[in-house]
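Student: I would like to learn how to read a structure of this kind step by step. Could we take the features in turn, with the general idea before the particular case?

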Amino acid sequence: QMIYKDGASYRIFRYVPSFLLFGVGNDKQTFRDSSDVYVRVNIRLNQPSTAWVAARTTKSVGGGALDGYRMSLTRNSDGSYSVKASGISPTGQEVIYYNGPLPVSADNATPTWIPLLIVTYQNRVAFFANNRFVNAQENITILGGTVALGVESGTTADFNFFQLRDVSPD
């Protein structure tokens, strides 16, 4: 469980050079040092609020925010859900790839625990919500970093079934 507090709204995995899953992302030709990951988590929101998972994440220059690719889940006041897939550059600029309703499952039911998934590989990123494809991008520029979980102001969120996998072919 994560409860929003000023200065403690996220948990980022620490970068350790000997842990080769998280690369620095300097090689823009062969991508040999890119962070190629599958990061998945189930999120439960019991009240209107927002929680997220992020990949290729680094702290911003001031340290108060995170850069990288983010998949956010929002529970709206009417009980419906929406999702946003975005990229946040080191300069703080956000590019929104998808912002809309939570994709419905095959049985048209909304689960209590909603899975969010981000896959990064070389210069590509793909976003999934509720086990449904949302968006994919190529020629992305953020290639290195770790992963993070977070909440927005006023949020208490439960995170469950966290999975982190290396998707590089090596």
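**Reading strands, pairs and cover**

Tutor: Let us begin with a single pair of residues and work outwards: Ser49 stands opposite Arg75 in E5. Please keep in mind throughout that the model is predicted.

Student: Which strands does that pair belong to, and how many bridges join E4 and E5?

Tutor: A bridge is read as one rung between two strands, and the rungs are then collected strand by strand. Here strand E4, residues 49–59, pairs with E5 in the antiparallel sense, and the pairing extends over nine bridges. E5 itself covers residues 66–75, and eight of its ten residues are buried.

Student: What is the bridge partner of Arg75 in E6?

Tutor: A strand can have a partner on each side, so one looks for a second set of rungs. On the E6 side, Arg75 has Tyr81 as its bridge partner, and Ser72 stands opposite Lys84 in E6. In total, eight bridges join E5 to strand E6, residues 81–88, and the two strands run antiparallel.

Student: How is the connection between E5 and E6 built, and which residue there takes a positive phi?

Tutor: For a hairpin, one reads the residues between the strands and then their backbone angles. The hairpin of E5 and E6 has five residues between the strands, and in it Gly79 takes a positive phi near 90°. A hairpin of E6 and E7 can be described likewise, since it has five residues between the strands and Gly92 takes a positive phi near 90°.

Student: How many bridges do E6 and E7 share, and is E6 mostly covered or exposed?

Tutor: E6 and strand E7, residues 94–101, pair in the antiparallel sense over seven bridges, and Ser82 stands opposite Pro101 in E7. As for cover, seven of the eight residues of E6 are buried, so that the strand is mostly covered.

Student: Which residues have a positive phi although they are not glycines?

Tutor: Such a residue is worth locating within its element before anything else is said about it. Gln122 has a positive phi of about 50° and is not a glycine; it is found in the loop between E8 and strand E9, the latter spanning 124–129. Phe161, likewise not a glycine, has a positive phi of about 55°, but Phe161 is found in strand E12, residues 156–166. With a relative accessible area of 46%, Phe161 is partly exposed.

Student: In what order do the strands of the open sheet lie?

Tutor: The order in a sheet is read across it, from neighbour to neighbour, and need not follow the numbering along the chain. Six strands form an open sheet here, in the order E1-E12-E3-E8-E9-E10, with antiparallel pairing. Strand E1 (2–3) and strand E10 (132–138) stand at the edges and have a single partner strand each, so one side of each is left without a neighbour in the sheet.

Student: How many bridges join E3 to E8 within that sheet?

Tutor: Six bridges join strand E3, residues 37–45, to strand E8, residues 114–121, and these two run antiparallel. One of the partnerships is that of Tyr38 with Val119 in E8.

Student: Is Ile118 buried or exposed, and what does it touch?

Tutor: Cover and contacts are best read together for one residue. Ile118, found in strand E8, is buried, with a relative accessible area of 0%. Leaving aside residues up to four places away in sequence, Ile118 touches, among others, Val37, Tyr38 and Val39, as well as Val53, Tyr69, Met71 and Phe127. A separation can also be given: the C-alpha atoms of Ile118 and Leu45 are separated by 19 Å, and these residues are 73 apart along the chain.

Student: What does the chain look like as a whole, in its secondary structure and its radius of gyration?

Tutor: At this level one sets the totals beside a simple expectation. The chain comes to zero helices and twelve strands. A compact globule of 170 residues would have a radius of gyration near 15 Å, and the chain, with 15 Å, agrees. Along the principal axes, its C-alpha atoms fill a box of roughly 45 × 35 × 30 Å.

Student: What do cover, contacts and charges add to that picture?

Tutor: Buried residues make up 48% of the 170 residues, while the chain exposes about 8,800 Å², of which carbon and sulfur atoms supply 49%. Among contacts between residues at least 6 apart in sequence, 60% join residues at least 24 apart. Finally, the mean positions of the 15 positive and 13 negative charges are 4 Å apart.

Key. Residues are numbered from 1 along each chain as its sequence is written. This is a predicted model: local features need pLDDT of at least 70, side-chain atom pairs count only at pLDDT 80 or more; totals for chains, interfaces and linings use all residues. Side-chain values use heavy atoms; hydrogens and water are left out. Helices (H or I, at least four residues) and strands (E, at least two) are DSSP runs, numbered from the N terminus. The radius of gyration is taken over C-alpha atoms; the globule rule is 2.2 Å times the number of residues to the power 0.38. Buried means under 20% relative accessible area, exposed over 50%, partly exposed in between (1.4 Å probe, protein chains only). Contact means heavy atoms within 4.5 Å. Accessible areas come from the Shrake-Rupley method with a 1.4 Å probe; for residues, only the protein chains shown count as cover. Lys and Arg count as positive and Asp and Glu as negative; His and the chain ends are not counted. The place of a charge is taken as NZ of Lys, CZ of Arg, CG of Asp or CD of Glu. Two strands pair if DSSP finds at least two bridges between them.
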